[in-house]
Amino acid sequence: MAMTMTYDEFKALHLSIDMTRGKPAAAQLDLSLDLIEAAPSVGYRSRDGIDCRNYGHVLGLPESRELGAQLLGVPAEQVVAAGNSSLELMHDALAFGMLHGMPGGEAWRRANEVAFLCPVPGYDRHFAICEALGIRMIAVPMNDDGPDMEKVEALVAADPAIKGIWCTPLYSNPTGAIYSRGCVDRLARMPTAAPDFRLFWDDAYRFHHLTDERYASPDILTACARAGHPDRALVFASTSKVTFAGGGIAMLAASPANIAWWQRHNGVRTIGPDKLNQLRHVRYLRDRATLERLMERHRAILQPKFDALDATLRALLGDVPGVSWTKPCGGYFVSLYTPDGYAKRTVELAAQAGVVLTPAGAAFPYRLDPRDRHLRIAPSCPSLGEIEQAGQAIALSLRKALDEGARRER
């Protein structure tokens, strides 16, 4: 693809493309319309005769928990089936830790300070939860195979205020990193100064493959149990990007002690989840094989968009020193790295050209990228044509930012 337009010519097109969040496209949501259309035939009685219109079953419908067990590879009694948002479960688990403590421990709020490790670039909403709850965030570098374990191990061994670490083990948001077995084993067995240390394991992209190779999420619960830390991991997942982003099922998988802890505290917060929605999902998805076939249809929509973005960036930025980007094997994001000091200006120029990106720095605690070089790009929601236009706008914006910098230095 040749550079056929200048930045100003592109700006004159008056585009309006939003790439701020990793939302499924309407075509993806249409794949699960049967959830709505078949609702009358599903009824309201569960397999065991539970009236799903009524209160109760704080841990979820039994068959919904069983479906979660299939998807996550754990026993059903170690699964909670909840509402549509795994982010909500993460928020509540962290809030319960602050208010009540983890099993066998004191409320974290009684400590002088509570801290969490945050691999960067990472998920901005993880960081927003910590900030909202007054938890100090400590950035640690993210590598292609997971967080920098040398740094992680040194920090958690020395500081009892560090109560946990955020982890997205497969197709990590926003880098696409895939945690290696060695990294997972080290996270499971590492000594920690805090006896109630937790891995907040956000398995958001377990089935969101973009290539023929289906990478598998590591079994962190078994790894922790083998290492003598059976309660260390809390695993979060959902069907939000499988069926409906605003109407899926969120799941928590954990040790029996952690599930009992969750039930005790969540039972004060709610009388039960939306069991009608759980029943619809169980009847629609049925089993893991059915879900995986549905995800192949998602991939058919998503993969061309990621490929188009990569091709556009290669054509227009491939010759620019200090510029690189990821080509993930799954998930919803591409990370673009500019030379130091140019990410914020690139975002500003792209917005002026009609392409709105996630704010530069969003993938870092307190929204502070110390090198001002990381951009998160979400190619899922716009059309294929819009993705190609957005890639051009980003490339032209970055080139213009670099030209501005070169002129300042002259």
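For the helix pair discussed first, axes are lines fitted to C-alpha atoms over the stretch in contact, and angles run from 0 to 180 degrees between N-to-C directions. The structure itself is a predicted model, and the values below are to be read with that in mind.

**Packing of helix 6 and helix 11**

Helix 6 packs with helix 11, which spans residues 256–269, at an angle of about 100°, and their axes are 11 Å apart. Because angles from 65 to 115 degrees count as roughly perpendicular, helix 6 is described as roughly perpendicular to helix 11. On the side of helix 6, the contact is made by E88, L89, D92, A93, F96, G97 and H100, while helix 11 contributes W261, W262, H265, N266 and R269. Sorted by class, the residues of this contact comprise five nonpolar, four polar and three charged.

**Two domains**

The domain assignment divides the protein chain into domain 1, made up of 7–22 together with 291–405, and domain 2, which covers 34–290. Taken over C-alpha atoms, the centres of domain 1 and domain 2 are separated by 28 Å. The contact between them involves 31 residues of domain 1 and 37 residues of domain 2.

**Pockets**

Rolling a probe the size of a water molecule over the atoms shows where empty space is left. The two pockets described here are set side by side in the table, and their surroundings are taken up afterwards.

| Pocket | Volume | Lining residues | Classes in the lining |
|---|---|---|---|
| Largest pocket | about 480 Å³ | 23 residues | nine nonpolar, eight polar, six charged |
| Second largest pocket | about 260 Å³ | 15 residues | twelve nonpolar, no polar, three charged |

The largest pocket has a volume of about 480 Å³, and of its lining residues the closest to its centre are G22, Y123, R125, S240 and K241. Helix 6, at 86–100, and strand 8, at 233–238, each supply at least two residues of this lining; helix 6 gives the most, with three residues. Helix 6 therefore appears both in the packing with helix 11 and in the lining of the largest pocket. Domain 1 and domain 2 each provide at least three residues of the lining of the largest pocket.

In the second largest pocket, the residues nearest the centre are V120, A139, F364, D369 and P370. Strand 4, residues 136–143, gives the most to the lining of this pocket, with four residues. Since domain 1 and domain 2 both give residues to the lining of the second largest pocket, that pocket lies between them. No polar residues are counted in its lining, which divides into twelve nonpolar and three charged residues.

**Backbone features and E292**

Two cis peptide bonds can be described together with their places in the chain. The peptide bond from V120 to P121 is cis, with omega near -5°, and P121 sits in the loop between strand 3 (115–120) and helix 7 (124–132). V120 was also named above among the residues nearest the centre of the second largest pocket. A cis peptide bond also joins N173 and P174, where omega is about 10°; P174 is placed in the loop between strand 6 (162–167) and helix 9 (181–189).

H14, a residue other than glycine, has a positive phi, near 55°, and it belongs to the loop between helix 1 (7–11) and strand 1 (17–19).

E292 is found in helix 13, which runs over residues 288–317. From C-alpha to C-alpha, E292 and V242 are 9.4 Å apart in space, although 50 residues apart in sequence. When residues up to four places away in sequence are not counted, E292 touches F207 and R214.

Notes
Residues numbered from 1 in each chain as written. Predicted model: local features only at pLDDT ≥ 70, side-chain atom pairs only at ≥ 80, totals over all residues. Heavy atoms only, no water. 1 Å grid on protein atoms, 1.4 Å probe; cavity = no way out; pocket = protein on both sides within 12 Å on 5 of 7 lines; lining within 4 Å. Points joined across faces, edges and corners; volume = space filled by probe spheres on them. Nonpolar A, V, L, I, M, F, W, Y, C, P; charged D, E, K, R; others polar. Domains from an automatic or database assignment. Parallel < 35°, antiparallel > 145°, perpendicular 65-115°, else oblique. Contact = heavy atoms within 4.5 Å.
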